[in-house]
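Please read the points below with the model open. They are meant as a short technical note.

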Amino acid sequence: MFDDPDARVGADASHLESCAECQARFKTIADDARSIATLLAAPERRVDMAAAFARVSGAQKARPVALALRLPAGRPALALVAAVAAAAVVVVAFAASGFFFQPTKVQAVPITLSDVQALSELANYGTLTWTKEPQFDVGGTAPTTGLQAPVVSKLPKGVSTTVTYGSLSQAVATFTFSEAKASAAAAAQGKSLPSLPRNIDGATLTITFGPAVGEVYGDMSRSTQQEINLPQLIVAKSVAPKVTSTQVTVADLKKVIGEMPGVSADLKKTINAISDKNDTLFIPVPVEYASSTSVTVQGVDGVALGDNTGVGSAVVWVKGGYVYAVAGSVKQSDAIDIANNLK
Amino acid sequence: MTAARSEAEAFEALFTAEYRRVVGIANRVLADAHEAEDVAQEVFMDFHRLHSATADYAPAWLHRAAAHSSLNRLRGARRRQKREIAQALEEDDRTVDPQRQAEIEEDRRRLREGLARLAPRPAAVLVLRASGLSYAEVAQALGVGVGQIGTLLRRAEETLRKEVDRGSSH
């Protein structure tokens, strides 16, 4: 606070000038901050940028799952969407407990941005790659995947009737466990690996997404790079994701990663948040930005997300082997109403 | 090919812009420039493996990862503290008289022990701010509102002070 000029303004500043008690407290805080800053000081050493860059850039680059989605850069909300999409990949993967998983219902799992970042630690124990990259097609006037798009029978007042179709091809992501990488990660912590199930080296977890189709209501041409202009309403339908594993069960993999030396509390917490219900699709909900409630949609359990930033709301549910979502800058009650009236 | 080249160029630009600062964050925690460089390089390698250098969140991710990775090392390596800080002091405080130097060394050792006992977020707030990041940059790195940083910092300083006092009374 002592180093933040904006922290002492207006009435607070005047009060501070005249109140001995507050001045004493402020001095204690400022002294603490100064002494900590001084004690944390460390001599800088010149760094050899060229050598460091050579070492770093020589490291093997895996195809990034999150960014292979190729979402437009330059917009914080979309960067968040990309991060949550990456979390969804892992959450879907770790929701499975046997060798095969296809969800029939949904449940929200709260995550924080630090959880999302922690998930990148999985790279220490194997590789997460697209074995079949998703292809997006946006801008058509009709769906192109062959999947029947849901029909909105009742639009709330004020939502544009201009519809743009988007589709996503089937995509497959694979996590391959590597005993060598796990060993190296353990060695970096000065520890040896815990006992591993037989056959775990090279065990794979394969997650299949889509195909999916979506309808976007609203004039998309108004969006610019500078402003986040979410479409008024998006209605999407996707074949429910499937997870399969080879060599060991998903529960085995989850247990092994949880027991790795050096695995962060964040990653452990994120993985443990996903229980072994093998019929449930977990929807990662970033707690900093949204809250979730359970709702009944089309006669089945669904998850309603309210956006704390005031940007909008969403409803997600699984029915008949498909995942449905209604989202946009509409009231939550409208989103639920649209969902219940989808044909 | 163009996309691959521009990604490589973007990574180099990101590295050039952020490497020194990432080393600086790790060095605040570890007080060991060599180990700080190790942490920084690991952080960049992790980032490079999984993320695009054009991502908006790249600097914030690197700062946060630098703080957390170096704090993790600190927690696992308290036994090495004395030697490391002694080395750092050798370069930093050559002109200080021996008794004063020993006191500073002891204070710094206690501070880093206290830091290692703090919860991840308050520890990261302190380290990032002490490394010269602005309130806005610290907020971005930790995914919290910039308005919360002052309060988080103050609480973290208070907790660290108590941790240091607790450590010295043992």
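The numbered points cover conventions and confidence, then chain A, then the helices and cores.

1. Residues are numbered from 1 along each chain as its sequence is written, with chains lettered from A and ligands numbered from 1 in the order in which they are written. This is a predicted model, in which local features need pLDDT of at least 70 and side-chain atom pairs count only at pLDDT 80 or more, while totals for chains, interfaces and linings use all residues.

2. The model scores are ipTM 0.75 and pTM 0.46. Chain B has an average pLDDT (the predictor's confidence in each residue, from 0 to 100) of 80, and 82% of its residues score at least 70. Within chain B, helix α4 (residues 81-92) has the lowest confidence, a mean of 51, and α6(B) the highest, at 89. Where pLDDT is low, the predicted coordinates should not be read in detail.

3. Chain A has nine helices and 15 strands, taken as DSSP runs (helices H or I, at least four residues; strands E, at least two) numbered from the N terminus. Of its 343 residues, 36% are buried, that is, have 20 or more other C-beta atoms within 10 Å of their own, with C-beta atoms placed from the backbone.

4. Val235(A) lies in strand β9 (residues 233-239) of chain A. Why is Val235(A) classed as buried? Because 23 other C-beta atoms lie within 10 Å of Val235(A). Leaving out residues up to four places away in sequence, its contacts (C-beta atoms within 7 Å) include Pro150(A), Gly214(A) and Leu342(A). Ala327(A) is 92 residues from Val235(A) in sequence, yet their C-alpha atoms are 6.5 Å apart.

5. In chain B, the axes of α6 (residues 120-130) and α7 (residues 135-142) come within 10 Å and cross at roughly 145°; axes are lines fitted to C-alpha atoms over the stretch in contact, and angles run from 0 to 180 degrees between N-to-C directions. Residues of α6(B) in this contact include Val125(B) and Leu128(B), which meet a set in α7(B) including Val138(B) and Leu142(B).

6. The largest nonpolar core (buried Ala, Val, Leu, Ile, Met, Phe, Trp, Tyr and Cys residues joined through C-beta atoms within 7 Å) has 56 residues, and Val125(B) and Val127(B) are among those touching the most other members. Both chains take part: α2 (20-39) of chain A supplies at least two residues, as do several helices of chain B, including α3 (58-76). The biggest contribution, ten residues, is from α1(B). Another core, of 31 residues, lies apart from this one and includes Leu168(A) and Val235(A).

Terms used:
A residue is buried if 20 or more other C-beta atoms lie within 10 Å of its own, exposed if 12 or fewer, and partly exposed in between; C-beta atoms are placed from the backbone. Two residues are in contact if their C-beta atoms, placed from the backbone, lie within 7 Å.
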